[in-house]
Amino acid sequence: MASNADSSTSQTGGDDIRGELTAQLEDLLNTLSNKFAGVSSEIFAKMDEMSRRLDNLEAQLVATQDRPKGSG
């Protein structure tokens with residue numbers, strides 16, 4: 001009977017370790033997910049900014065081409 005009590009105690013300790021590990025892994029995954037979301041939004045913001053700059057550059061090129069050659 002003593003061996004049953006020992007195995008029960010070690011199983012409870014193993015469950016505690018598994019629970020702690022699970023909690024740490026969930027925390028790590030949440031942290032990584034938040035960082036990924038932040039980086040993704042930064043990338044999309046940079047892409048929007050580049051798109052606006054390209055649109056402005058295209059508009060300037062079109063305006064330059066539409067001007068008569070002697071007026072520039």
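User: In this predicted model, which class does R53 fall into: buried, partly exposed or exposed?
Analyst: Buried means under 20% relative accessible area, exposed means over 50%, and partly exposed lies in between. R53 has a relative accessibility of 56%. Because that value is over the 50% cut-off, R53 counts as exposed.

User: Which residue forms a salt bridge with R53?
Analyst: The closest N and O atoms of the pair are 3.2 Å apart, and a salt bridge requires such atoms to be within 4 Å. The two residues lie 4 residues apart in helix α1, so about one helical turn separates them. The partner is partly exposed, at 30% relative accessibility. It is E49.

User: How many salt bridges are there by this rule?
Analyst: One of them joins E49 and R53. R18 and D15 also meet in a salt bridge, at 3.0 Å from N to O. R18 and D15 are 3 residues apart in helix α1, so they too are separated by about one helical turn. The count of salt bridges is 2.

User: Is D15 exposed or partly exposed?
Analyst: Its salt-bridge partner R18 counts as exposed, at 55% relative accessibility. D15 has a relative accessible area of 42%. Because this value lies between the 20% and 50% cut-offs, D15 is partly exposed.

User: What is the accessible area of the nonpolar patch that includes L25?
Analyst: L25 is placed in helix α1, which covers residues 2-66, and counts as partly exposed at 45% relative accessibility. The patch is formed by L21, L25, L28, L29 and L32. Together their accessible area is about 490 Å².

How values were computed
Residues numbered from 1 in each chain as written. Predicted model: local features only at pLDDT ≥ 70, side-chain atom pairs only at ≥ 80, totals over all residues. Heavy atoms only, no water. Patch = residues over 30% accessible without salt bridge, like charges linked within 9 Å, V, L, I, M, F, W, Y side chains within 5 Å. Areas by Shrake-Rupley, 256 points an atom, 1.4 Å probe, with all protein chains shown as cover. Salt bridge = Lys/Arg side-chain N within 4 Å of Asp/Glu carboxyl O. Buried < 20%, exposed > 50% of the residue type's maximum accessible area, 1.4 Å probe, protein only.
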